[in-house]
Structures are given as structure tokens and as C-alpha cells.
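Please open the model in your viewer and keep the sequence panel beside it. The tour below goes from selection to selection and says what to look for at each stop.

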Amino acid sequence: MTAPTAAPARRTRATLAITAAIVVVLLIAFFIFAGLYADVLWYRQLGYLPVLTTEWLTIASLFVIGFIGMAVPVYVSIQLAYRLRPVYAKLTAQLDRYQQVIEPLRRIVMLGIPAVIGLFAAVSAATRWQPVLLFLHGGATRQTDPQFHLNTGFYLFQLPVLHGLAGYISAVLVISILAAVATSYLYGAIRVAGREVRVSRAARVQIAVTFAVFLVVQACSLFLDQFLTLVEPSSGDRFIGAGYADVHAVIPSRLILAAITLLVAALFVVTALIGRWRLPLIGTALLIVASVIIGSIYPWIVQNLQVNPSVQTFEKPFFSRAIAGTRDAYGLAKVVPTTYNAKTTTQPGQLKTDADTTESIRIIDPNIIEPTFSQFQQFKQYYAFKSGSLDVDRYQIDGKSQDTVVATREVNLGGLGASRTAFGDAFVYTHGYGLVAAYGNQRASNGAPVFVESNIPQSGKLGTFQPRIYFGEQSPTYSVVGAPPGTKPLELDYPVNAKSAESGTTATTFNADGAGEGGPSVGSTFNRLIYALKFQSDQILLSNAVNAKSQILYDRDPADRVQKVAPYLTLDKDPYPSIVQGRLVWIVDGYTTSSSYPYSDEQDLAADTSVAAAQENPAYAGNDVNYIRNSVKATVDAYSGKVTLYAWDDTDPVLQAWQRTFPTTLRPLSDMSAQLMSHVRYPEDLFRVQRSILARYHVTDPSSWFLQDDTWSTPPDPTKGTTAGLQPPYYLTMQMPGQSKPAFSLFTSYIPNQTVTNARNNLTGYLAVDADAGSTKGVKAQDYGNLRLLTLPKGSSVSGPGQVQNDFNTDTTVASAKRLLSGGDAQVVPGNLLTLPVGGGLLYVEPLYVRSNGSTQYLLLRKVLVAFGDKIAFEDTLDEALNSLFNGNSGAATGDSPVATTPPSTGKTTSPSTGAPSAALTQALADAKDALADRQAAYAKNDLVAAAQADKRLQTALQDAENAAG
């Protein structure tokens with residue numbers, strides 16, 4: 001009775017195991033389906049579903065082609081070797097045992113091995129979907145290479161795929177040969193008896209023909225390799241592209257080897273016909289010897305015995321090619337250096353002709369001022385500003401363009417602490433509120449920024465706009481929003497009175513469901529289940545707050561949204577917010593890049609664009625390029641999430657290829673509104689790459705370029721200490737020498753490229769780009785993107801940023817004042833060190849902030865350091881510092897003259913009284929005048945204690961004057 005009882009038990013366990021396996025497979029399949037279906041909903045909601053379907057179809061097609069292209073030839077090779085095996089072959093005992101082991105699994109092995117190898121090949125092929133689409137849609141460019149005179153489009157679009165295809169086919173043939181040899185040996189078609197190897201006729205034909213095809217492919221690959229010399233390091237490793245040895249030795253040798261390879265392939269075909277292996281084996285040996293002699297030794301001899309002893313003689317024309325190719329690939333072909341004979345002496349009124357520039361000098365440092373913004377404008381713990389650097393933009397204020405430091409007040413779920421709940425995360429705290437903007441060139445009397453737009457509800461001078469931020473850089477992972485009309489709002493909108501202790505709030509309901517707006521619907525149970533699985537949230541599935549009109553917002557970071565709808569772009573790491581036509585939008589710069597431009601130097605985007613080199617997370621890890629264009633400007637609506645892509649550089653051949661691939665996704669430049677154009681700026685990451693290239697490639701003379709006798713480098717940021725990264729470029733409205741009027745610009749400086757400790761790091765160059773695109777609908781300003789490079793004479797003694805910072809730090813008056821400012825429980829923090837070509841020389845400006853060491857820390861601007869030539873000045877305001885620097889009168893006003901006295905929390909300026917001043921006001925102004933005179937006299941005597949006392953009296957008098965004025 002035991003056996004019959006055991007059999008049903010085994011069948012029951014087998015049934016349960018099969019059922020469990022089916023359930024697991026179904027669950028896995030459903031999870032995969034849920035992820036894919038969620039992607040379809042997201043792209044369809046934004047109006048970019050063709051991007052997803054094109055990407056998926058291309059990946060799927062390449063996967064299938066890659067699988068079939070590998071698996072089928074390998075399978076056929078194994079099957080041919082098996083079916084054509086000798087029937088009565090005498091096997092060794094060892095082979096006989098191998099057959100006994102393999103034979104029961106033969107069919108599985110013969111199908112499984114090709115399938116597994118095919119899967120690896122399929123995955124590898126699928127990852128190449130972008131190059132394949134460029135291959136299919138790429139066109140001609142306006143340039144040709146200087147060696148083969150081929151259109152550069154061949155290198156950008158065709159060559160990478162052709163070379164990859166040759167490698168793929170080679171791998172298929174190698175594996176097929178190995179599979180055929182292994183199968184033939186296992187089944188007796190190849191027998192080894194001592195030193196004798198016997199090969200059956202069928203195996204001989206199969207292996208010889210496959211080898212012949214392999215060698216033909218290798219000949220094609222060698223032919224293509226000659227073109228690769230233009231996008232690879234030269235034999236001398238001095239530049240990218242073919243040098244003298246490459247042109248006169250490497251390229252001819254590859255063509256010779258390709259011809260020899262074809263001859264050897266023909267010998268293998270002969271072997272397949274007549275059965276003699278001696279000729280192809282000898283041919284293969286000669287091919288290997290020729291590869292060593294012709295392909296390696298001969299180019300080495302030319303390079304080391306002919307070129308290296310007389311590099312300039314042989315390589316000079318190729319240096320010129322590298323210089324021209326690199327400058328063209330990075331958009332620098334039109335940059336012409338201008339000699340700037342900078343003055344180092346000062347005299348009264350020297351800045352009179354630069355008054356517009358000095359008035360715009362930014363004393364609010366966006367890289368460190370965020371804690372102050374938070375202190376005055378955060379208001380509630382569930383709000384936060386972007387940690388780290390803020391953004392610089394410009395607005396028309398009172399009829400004049402004004403540089404501003406801007407930040408968005410976004411929702412911060414982490415600030416809720418213990419009161420945070422899953423329901424609140426999903427339905428209540430859904431969005432941030434408001435843009436905060438401060439004048440870049442002004443400070444309040446207490447050293448705080450002067451806000452031009454601030455508060456909750458929004459108030460200021462930037463006009464009426466939608467302040468709610470559902471899509472931002474710090475938005476929650478997901479939020480469920482929306483409801484039918486008449487439903488009580490759930491979403492917290494903003495505090496009733498943000499500046500009081502009242503705890504009341506207003507509520508709102510997200511209302512954006514137009515084309516490309518909002519998020520996918522979760523009104524149906526099925527969609528709720530899909531997103532509950534995606535985000536592992538029971539709130540989405542079970543909460544009664546979800547209704548028929550509910551939408552789910554996710555992938556809310558502006559850069560992430562643009563990257564998903566334009567996966568071919570490399571994005572600038574710093575999206576910035578702007579008010580455009582009553583909407584708060586994020587502006588994102590997109591780059592098209594390549595690593596296949598002939599004769600162009602490679603750059604690591606991670607190294608060139610990271611703010612502080614090794615200290616910052618790089619924006620583009622491991623992304624080496626040798627061609628870049630700012631081809632796309634994108635906007636993301638902060639309220640609706642709508643993504644709009646504009647073709648900013650429609651002459652870029654790479655962008656043109658992607659436009660043909662995704663014809664409905666990009667809008668023309670002519671669609672950009674005038675307001676949007678007025679906020680577009682030259683992107684910082686592109687400028688960083690270009691300044692890195694120009695550090696060496698500003699030299700166009702090939703001999704000087706080779707000797708590197710005038711190479712530059714970007715100075716380290718002198719305000720960050722010895723471990724700092726490179727000094728970042730800065731946005732500023734200024735007038736460069738040769739410009740007719742000031743323009744919003746981005747600038748950087750250069751020092752000599754020296755590795756010697758304590759080298760003299762004087763200023764050698766100054767680079768600025770016109771970053772203002774104008775304010776005309778769909779038309780770029782004529783000078784937008786114009787790079788102006790000033791070079792200082794080699795005998796110049798103008799100090800570089802590091803030297804100026806050293807002068808600031810070692811000056812006894814400045815050092816004493818710093819000790820006074822940092823006395824007690826405070827710390828002095830230097831702001832950005834700006835360099836401006838004004839007054840016929842170079843002016844340095846550095847604001848000094850003070851912050852408490854206590855639990856509440858934020859920065860207040862207390863002093864301004866300036867330098868011109870060998871002279872420095874140190875005063876409370878930039879206006880005073882410039883007057884002191886230029887012998888009592890700089891000749892120009894600044895943005896902080898007089899210091900604004902507006903309380904920073906309001907962002908409004910006090911209108912002057914039209915009546916006669918009161919006695920209290922007159923007395924307060926007189927006291928302020930006396931205190932100011934006493935402070936200046938104390939500084940002249942180097943009496944810092946008396947200066948501090950006079951400064952305190954001055955602040956008291958100014959406050960009394962403000963109170964008296966009402």
C-alpha cells in the first residue's frame with residue numbers, strides 16, 4: 001500500500017510546484033508589464049509617445065537582429081558539423097565517453113549554446129540604438145576632413161556603426177568556427193593521431209569557407225581602420241588625428257594588410273576545393289609576420305627614427321589640422337584674441353566710462369547666499385530652497401535690465417519631521433510656492449539681500465504669475481492631485497500669513513489637464529493598481545482621496561523630464577527658473593555631442609564641468625567627447641510640467657539627424673516668445689568646456705602650440721582654500737573692451753599653465769561670452785554667443801585671482817578688520833572674486849560676509865574688497881571701496897550707493913517723502929554724516945576699535961533716519 005500512496009503525493013507536490021512556478025512567472029510578467037504600461041501613460045500624457053515607441057522599436061529590432069545574427073550562424077555551424085560528421089569514424093575512448101555524456105542532452109546543448117550566446121549579442125546590440133538611428137538618419141555636414149576629403153558626416157554617423165558592425169560579424173564568425181571545430185572533433189570529423197591531424201572533407205570545406213569569410217571581414221575592418229586614424233590619438237600621441245607617421249606608414253600599412261588578408265582568404269577557398277592546408281597556413285603565418293613588420297615595426301621606425309628627432313618639421317601641418325579641427329568642433333573657429341594692455345595705476349574718475357558696468361557689479365554671491373534666502377524667505381518648515389548655489393537671471397525692472405539672484409521655494413517633506421505621514425506625502429504637501437529674487441548689486445543696511453520678488457503670497461516687481469511649483473528640482477517622488485469641481489481641496493497651498501505665528505493655511509486643487517500637462521490619470525482601478533505597484537504605495541490603491549479626476553505626478557525634476565523626452569541630449573547640470581508670460585518655467589540647456597569628429601581633441605565633460613573637480617559629483621561621469629553644440633533649449637512649466645523643446649541651433653548636423661528621427665518633438669526657434677528669449681542665457685557647462693579648450697588652443701601657430709610656450713589654465717578658486725577646484729565662470733552684466741554697450745555675459749580668467757610650486761600666477765587671459773539672446777520673438781541677438789578673448793602681453797604684471805586673494809589675506813588693515821568682524825561667535829566668509837576689464841585695467845571685487853557660529857547660521861554682507869593693480873581698498877560698500885581705490889572718486893556709481901535700507905522680508909522700496917524733512921530726520925542724517933566721517937578718519941589712522949564704534953553709530957543713525965521718515 002505504500003507505493004500507491006506515495007505516487008499521488010509526488011504528483012501533488014509536482015502539481016503544486018508547477019502551479020507556484022506559473023504564479024511566479026505571471027507575477028514577474030505583470031510587474032514588467034506594469035512598468036512598461038506606466039511609461040506609456042507618462043509619455044502619452046506629455047505628448048511624446050513617439051519618442052518612447054521609436055526607442056522601443058529600435059531596441060527591440062536590434063535585439064532581434066543581434067540575437068538572430070549570432071544564434072542562427074552558430075546553430076547552423078553546429079548543425080552542419082554534426083550532420084556532416086563521418087558515420088563510421090573510429091573514436092578514442094575519451095571521445096566516446098564525451099559522446100555518452102553529451103548525447104542525451106545533445107538537442108538541448110545544440111539549441112541552448114547558440115541561444116545563450118545570442119542573448120549576450122542581442123543585449124550588446126540593443127544598447128547601440130542611438131548610433132544606429134544616427135546612421136539611418138544622419139546627413140552631410142558643411143565640412144570635409146583634411147586627409148581623405150570625406151564629409152565629416154561620415155565620421156559622425158556612418159563610421160561608428162560600420163566599425164561596430166565589422167566587430168560584430170567578426171565575433172559571429174569566430175564563435176561559429178570554434179563551434180564547428182569543437183563539434184567536428186567531438187564526432188570524429190577532426191582526428192588527432194600523434195603529430196597527424198586528419199580532417200574530413202565536409203569539415204574542411206565548412207571550416208575553410210568560414211575562415212575565408214572571416215578574413216574578408218577583417219580586410220574590410222582594416223580598410224575602415226584607416227579612417228579611424230582621424231578620430232584616434234596620433235602615433236606620437238600629441239593630438240587626435242593622423243600625424244605624419246599615420247599618413248605615411250599606418251594608413252598605407254593597413255591598406256597593404258587588407259590586400260594580403262584578401263589573398264589569404266582566397267587561399268582558404270582553394271583549400272576548401274582541393275583539400276590542401278599548407279597554402280592557407282603559410283599564408284596565415286605570412287599575414288601575421290606582415291602585421292608585425294608592416295603594421296607595427298615600420299610605423300614605429302617612422303615615428304621614432306624619423307619624426308621624433310624633427311617633430312616640428314614633419315608634424316607642423318598636422319598640428320595645424322588638429323588646431324583647426326578642435327576649434328571648429330567646439331565652436332571656437334571665430335575666436336580671435338585681442339591684446340589688452342591693462343593699466344595698473346589708478347586716478348580719480350578712472351571708471352567714468354564704465355559706469356554702466358560698475359552699476360551692475362554683483363555683490364550677492366549666489367553660490368553661498370542660500371542660507372540667507374532660507375532665513376528670510378523659507379517661512380515654514382515644509383518649504384526649502386535649493387541647497388548649494390542659486391541661479392542668476394535678469395529682469396526688466398523700472399525700465400532697466402537688472403541682474404538678479406533667484407531661487408524657488410519648493411516643498412520639503414523632510415522638514416515635517418515626526419508629523420510626516422504617508423497620506424500627507426501623497427495628497428497634501430504636493431507643491432512649493434513662489435520665486436524669490438534679489439537684486440544682485442544691492443544690499444540692505446543690515447547686509448541682507450534686497451528682494452525684488454518675495455513673500456507668501458507673492459509680491460514684488462516681477463509681475464503677476466502662477467507661483468505654484470509642482471515640478472521642481474526638489475519635488476516629492478510622486479503626488480496624487482486633482483479633483484472634480486466643487487470637491488473640497490486637499491492640497492496645502494500656502495500659509496495664511498507666512499510672517500506671523502498664525503498656523504492657518506489655504507488649500508488648492510491642481511488644475512492642468514491640457515495637452516502635455518499634468519500626469520497620467522489614476523481615476524481607474526487598473527491605473528491605481530499599476531502605480532501602487534510602481535511606487536509600492538497602498539495610498540494610491542486604497543485611499544478615498546483618489547477620485548475619477550485624480551492625476552499622479554512623478555519624474556518631476558525638470559532635467560529628468562527633458563532627458564526622458566529627449567534621450568539623445570546631454571543636459572546642462574543647472575536648470576534655472578524664470579518668469580515667462582505669467583508662468584514660472586524651468587529653462588534647460590541641451591547639448592548634442594560626439595566623440596567621432598576628425599582631428600578634434602577629446603574632453604572629459606565630468607572634469608570640465610564639475611564645479612569643484614574632485615569635490616563635486618560630476619555631471620557627466622565618463623563622458624569623453626570631441627564635438628559639442630548647444631542645440632536645444634527646453635522649458636518645463638513648473639505648474640503643469642509641460643515640456644517644450646526648441647531647436648536652438650538648427651545648423652547642427654547631429655540635431656538635424658535627431659529631428660529626422662523624432663520629427664514631431666522639436667519646435668522651431670521662431671516659436672520662442674520674446675519673454676522667453678529675454679531669459680535665455682549662454683550655458684555655463686558649454687562655456688567651461690570651451691574655456692578648457694582655449695587654454696591651449698588659443699594658440700594658432702603650430703610651432704608655438706607644439707612647444708606649449710603659451711598654454712594657460714583656469715585658476716583655482718582662491719576663496720575656497722588650497723583644496724578648491726577651478727574657479728567657476730560668473731554671470732554679470734558688463735561692457736567688454738570693443739563692445740558698444742553692456743551685455744549680460746559669462747566670463748572667466750586664465751593664468752599660466754605651470755606645475756611648479758609657488759609659480760607666479762599672474763593673469764594671462766580673460767574670456768567672456770555674450771550670454772544675452774535678446775528680446776525679439778524667435779530671433780537671436782546678433783552678438784549672442786560671441787566669445788571675446790583678451791590676452792595680456794607676456795611682460796604684463798597684472799595679478800591673477802590667487803595673487804589678489806593673497807594680497808587681501810595678508811594686508812594688515814584687512815586682516816585686523818577681519819579679526820574684528822569675526823570676534824566673538826562669528827566667522828568671515830569670502831564671496832566670489834569677480835574680475836572685470838574696466839578703467840583700462842582689471843578690477844577685482846570680492847564681497848565679505850559674516851555669519852554666526854551659533855545654531856542659526858546665515859550670511860550677511862558686511863564689507864567689500866576691491867583691487868586694481870597693486871592697490872586694494874576695503875570698505876562697507878562697493879561704492880565706498882571704489883572711491884577709496886581711485887583716490888576718492890571712482891567716477892562711477894554702483895548698485896549699493898546708497899545702501900538700501902529696506903527690510904529684507906518685504907522686498908519693497910520705501911518711497912521718498914514729498915514734504916519737508918522733520919527735525920528728527922534732519923538730526924539723524926547729520927549724525928550719520930558725522931559717524932561716517934569719524935569712521936573714515938579712524939580707518940585712515942588704522943584705529944579699528946574707533947572705526948567699529950563709528951560704524952555702530954552710523955547704523956544707529958541710519959535706523960533713526962528710517963524711523964523718522966516713516
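**Stop 1: helix H12**

Select residues 370-377, which form helix H12; the helix is mostly covered, with 6 of its 8 residues buried. Keep in mind that this is a predicted model. To see the covered positions, show the side chains of Glu370, Thr372, Phe373, Ser374, Phe376 and Gln377, the buried residues of H12.

What do the buried residues of H12 pack against? Add four strands to the selection: S6 (400-408), S9 (435-439), S10 (451-454) and S33 (859-868). Before leaving, step just past the end of H12 to Phe379, where phi is positive, at about 70°.

**Stop 2: strands S33 and S34**

Keep S33, one of the strands packed against by the buried residues of H12, and add strand S34 (residues 871-875). The two strands run antiparallel and are joined by 5 bridges. For one pairing, pick Val864 and look across to Glu875, its bridge partner in S34. Then move to the hairpin turn: there are 2 residues between the strands, and Gly869 has a positive phi near 65°.

**Stop 3: the loop residue Thr894**

Now select Thr894, in the loop between helix H24 (878-885) and helix H25 (919-940). Is Thr894 buried or exposed? Its relative accessibility is 4%, so Thr894 counts as buried, the cut-off being under 20%.

Two distances can be drawn from the side chain of Thr894. One goes to the backbone nitrogen of Asp879, at 3.3 Å. The other is a polar contact of 2.5 Å with the side chain of Asp896.

For the surroundings, show Thr358, Glu359, Leu878, Asp879 and Leu882; Thr894 touches these residues when those up to four places away in sequence are not counted. Asp879 thus appears both among the residues touched and as the backbone partner of the Thr894 side chain.

**Stop 4: helices H5 and H18**

Finally, select helix H5 (residues 129-137) together with helix H18 (residues 653-661). Their axes come within 9 Å and cross at roughly 90°, which makes H5 roughly perpendicular to H18.

Which residues make the contact? On H5, show Gln130, Leu133, Leu134 and His137; on H18, show Val654, Ala657, Trp658, Arg660 and Thr661. Coloured by class, the contact of H5 with H18 has 5 nonpolar, 3 polar and 1 charged residues.

Key. Residues numbered from 1 in each chain as written. Predicted model: local features only at pLDDT ≥ 70, side-chain atom pairs only at ≥ 80, totals over all residues. Heavy atoms only, no water. Buried < 20%, exposed > 50% of the residue type's maximum accessible area, 1.4 Å probe, protein only. Contact = heavy atoms within 4.5 Å. Axes fitted to C-alpha atoms, helices over the stretch in contact; angles between N-to-C directions. Parallel < 35°, antiparallel > 145°, perpendicular 65-115°, else oblique. Nonpolar A, V, L, I, M, F, W, Y, C, P; charged D, E, K, R; others polar. Polar contact = N/O pair within 3.5 Å; in protein donor to acceptor, adjacent residues only side chain to side chain. Pairing = 2+ DSSP bridges.
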